[in-house]
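Here is a friendly walk through one protein model, going from sheet to helices to single residues. Keep the structure open beside the text as you read.

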Amino acid sequence: MSLQRIVRVSLEHPTSVVCVAGVETLVDIYGSVPEGTEMFEVYGTPGVDIYVSPSVERRRERADTRRWHFDAGQEIIVVMNSPSNHLDDSHVQISYHSSHEPLPLAYAVLYLTCIDMALECDLNYEGREDRCFVDKRQWVWGPGGYGAVLLVNCDRDDQSCDDRDNCDQHVRCLQGPEDSCEAYRHVLGQDKVSYEVPRFHGDEERFFVEGLSFPDAGFTGLVSFHVTLLDGSNEDFSESPIFTDTVVFRVAPWIMTPSILPPLEVYVCRVRNNQCFVDAVAELAEKAGCKLTICPQVENRNDRWIQDEMELGYVQAPHKTFPVVFDSPRNGELQDFPYRRILVSGPDQPSPERHGATALGSQGTEYREQSRNFILQGKIRDASALSVSEGGTQRHSLVLLLIMRIVTVKVIPANQDPLEERRGLPCAVENGGPSTLRSDRRELRAQRIPPGAPPPTDSASPCQGPDFGYVTREPRDRSVSGLDSFGNLEVSPPVVANGKEYPLGRILIGGNLPGSRGRRVTQVVRDFLHAQKVQPLVELFVDWLAVGHVDEFLTFVPAPDRKGFRMLLASPGACFKLFQEKQKWGHGKALLFEGVVGDERVTTISINQVLSNKNLISYNKFVQGCIDWNREVLKRELGLADRDIIDVPQLFKSERKKAVAFFPDLVNMLVLGTHLGIPKPFGPIINGRCCLEEQVRSLLEPLGLHCTFIDDFTPYHMLHGEVHCGTNVRRQPFAFKWWNMVP
């Protein structure tokens, strides 16, 4: 959609203009009017539609129906819908009349040359290109909305290259056309904000657009492209604009997947003392039908906290969906794993599709159904080369200028995203000490096995393949805290809260109480998550925890009824209630921590001792108050009722005035569909069974869930982490398409 162009006519000589098919041209008849004019008539050659708009209040009428009174404020509107075959082959004639003269007082002639030109794209996600009913200058959310979608090209198609595809100026892979990549060159981006399109034979031009950066602070994700037709017929003056067409598209957001979505691949690190744990995770993954990727110790350097290192999400456009790993700013021994191994390896894809540069332009004037495979498909069209005619007619030197506007939109340069300082940062410190109680990270390789295969052996050979993207955010001053590990980053299932639908759920991060001082997630991570728009943030209170992660007191599991899930919350109150019941029935001498095997001896403690420990009881009342605060926030922000929440028995103890789990944290579990990998609590044995395990089974198995208790006591719990902290999962994307929501 382009603005109307105003053309002024003259009584002294004919006027020649170029117009664009389907675009209105306003004819100014007031600049040169013979004296005594009272009325006028307007006629055009076939193919020229002429309308007169008497005033703003009255609707336009066809001009050739009658003679018009010459009143101020009238507009003559000219439209041609088909391109010209020759220069100046159509015209409009205006005759000026007086009631006192039988013949016209004068004539004004306007010669028209019409070209067909547009910057077109797939605006409504269904492959239709109807420019008559949508405003391409707008991007509209919702099921009835429209607008082009562009993926960030953040994977690595060329495995011999050190950088992601969005960090260079090379075209390595095209989405849709079959042409060789070598036929294309970089014409816009970085310092190139405009490009003159050469016009030789009037053929359509095709351009490809590559997304470089995700939405973030200062970049809404909206990018505008303009094509402008310039008139350079007068060599003594600069070129003047004839027509401008604009298309706006949105960069697809990074989307998190909640634990209730079906799992595809499980990640775990093999370290010095966790062989049994890895075997148990492998068995659980086999039951759930998941792939398994193991990082060997030689590469993880004993950093086992793979949940803290990265969050596995995805990006999506109508033609393509692929996973993208968000690398946390926590920089330890696993810091290079998301970039060097996941980015290199990528998932096994059933389709050979690639998502590199995306088409802006296509061959042929007719829309083809297969063009729905392009995110952004545009056309720049004209009727002919419009060369100089032999009769001395005015020369029209037409120039097509493709422009990427950066006046109101921040476009990240192609060679570097200033927020993505991805490698080489030292281990973070907080208040002069380690930023987290968990170990840190570096480099490792991945190995994949099919469901049902025996547990894999460690391998240092990465699988090759693209289609796995990478993104990270790190503060410029490199100041991070334990809250910047991604055990402190979760997402809820789809919810409805306060009349607002959240079809992709809401992101949950931990921080401090509003207005108070303390640890918070670093600003660049919060800005990035907020800018994605489709999963609005909820900040919870976690500064009472030593590690400070939301996965220490909550998780979500699938359910067959109601909302389709339950939220599990750690509950000291539920644990004391359970122990009091067991004590009442004569089991007060039953011991916790019996059977724990490890390098350090663990002292057992009875139910009676727990219930008589006033300090432990008092501290857990404080913990329960902190969890209850978050419970009310979650009920309000996620639209939950108490019946949607399951209280899981759990006790905490104080270390350095912060809370850690007293026994393995039961809610810090691995959710693989209906199969749950739950930390083995080593609770009191009553009638040959752990009463904590039995209580959890009674709460979850009625939902159709299968509970597997995994011994993580020595390799994880003793280091203040559990099963969820030591694993990570790539999951299926949502069936819901993000562009159908209204943020």
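## The five-stranded sheet

Five strands make up an open sheet with mixed pairing, in the order β2-β10-β9-β4-β7. Its edges are β2 (15-20) and β7 (68-69), each of which pairs on one side only. Keep in mind that this is a predicted model.

Inside the sheet, β4 (residues 39-44) and β9 (residues 90-97) run antiparallel to one another and share six bridges. To find the register, look for M39, which stands opposite H97 in β9. In a regular strand, side chains alternate between the two faces of the sheet.

## The chain as a whole

The protein chain holds nine helices and 44 strands. Of its 743 residues, 58% count as buried. Among contacts between residues at least 6 apart in sequence, 75% join residues at least 24 apart.

## Two nonpolar cores

Which residues have the most contacts inside the largest nonpolar core? They are F553, F579, L700 and W738, in a core of 131 residues. Helix α8 (residues 614-638) gives this core its largest share, eight residues. A second, separate core has 25 residues, including V9, I50, V52 and I76. In soluble globular proteins, nonpolar side chains tend to be buried together.

F579 is a good place to zoom in. Setting aside residues up to four places away in sequence, F579 touches L592, I607, V610, L611, L651, P684, C691 and L692.

## Helix α6 and its two sides

F579 belongs to the buried set of helix α6, together with P572, C575, F576 and L578. These residues cover an arc of only 160° around the axis, so they sit on the same side of α6. K577 and K584 are exposed on the other side of the helix.

The length of α6 is easy to check. With 13 residues (572-584) at 1.5 Å a residue, the helix should span 18 Å, and because its end C-alpha atoms are 18 Å apart, the two values agree. Just after α6, G586 takes a positive phi of about 85°.

Next to look at is H587, in the loop between α6 and β34 (591-592). Is H587 buried or exposed? Its relative accessibility is 24%, so H587 counts as partly exposed. Beyond residues up to four places away in sequence, H587 touches K582, I607 and I686. The C-alpha atoms of H587 and S606 are 9.2 Å apart, with the two residues 19 apart along the chain.

## Helix α8 and its ends

The same check works for α8. Its 25 residues should span 36 Å at 1.5 Å a residue, and the end C-alpha atoms are 35 Å apart, which agrees.

Both ends of this helix deserve a look. At the N-terminal end, N613 acts as a cap: one of its side-chain oxygens lies 3.2 Å from the backbone nitrogen of N615. Just after α8, G639 takes a positive phi of about 70°.

## A hairpin

Strands β37 (residues 652-655) and β38 (residues 658-661) run antiparallel and are joined by four bridges. Here K653 stands opposite V660 in β38. The two strands form a hairpin with two residues between them, and R656 in the turn has a positive phi of about 55°.

## Two buried residues to inspect

Where is D543? You will find D543 in the loop between β31 (537-541) and β32 (554-558). At 10% relative accessibility, D543 counts as buried, because the cut-off for buried is under 20%. Its side chain makes a polar contact of 3.2 Å with the side chain of N512. Not counting residues up to four places away in sequence, D543 touches G511, N512, G518, R519 and K658.

T25 lies in strand β3 (residues 25-28). With a relative accessible area of 7%, T25 is buried. Its contacts, leaving aside neighbours within four places in sequence, are R5, V7, C19, I76, I77 and V78. One of these, I76, is also included in the second core of 25 residues.

Technical notes. Residues are numbered from 1 along each chain as its sequence is written. This is a predicted model: local features need pLDDT of at least 70, side-chain atom pairs count only at pLDDT 80 or more; totals for chains, interfaces and linings use all residues. Side-chain values use heavy atoms; hydrogens and water are left out. The expected span of a helix is 1.5 Å times one less than its number of residues. Buried means under 20% relative accessible area, exposed over 50%, partly exposed in between (1.4 Å probe, protein chains only). The arc is that of the directions from the helix axis to the C-beta atoms. A polar contact is a pair of N or O atoms within 3.5 Å; within protein, one must be able to donate a hydrogen and the other to accept it, and residues adjacent in sequence count only if both atoms are side-chain atoms. Contact means heavy atoms within 4.5 Å. Two strands pair if DSSP finds at least two bridges between them. A nonpolar core is a set of buried Ala, Val, Leu, Ile, Met, Phe, Trp, Tyr and Cys residues joined through side-chain atoms within 4.5 Å.
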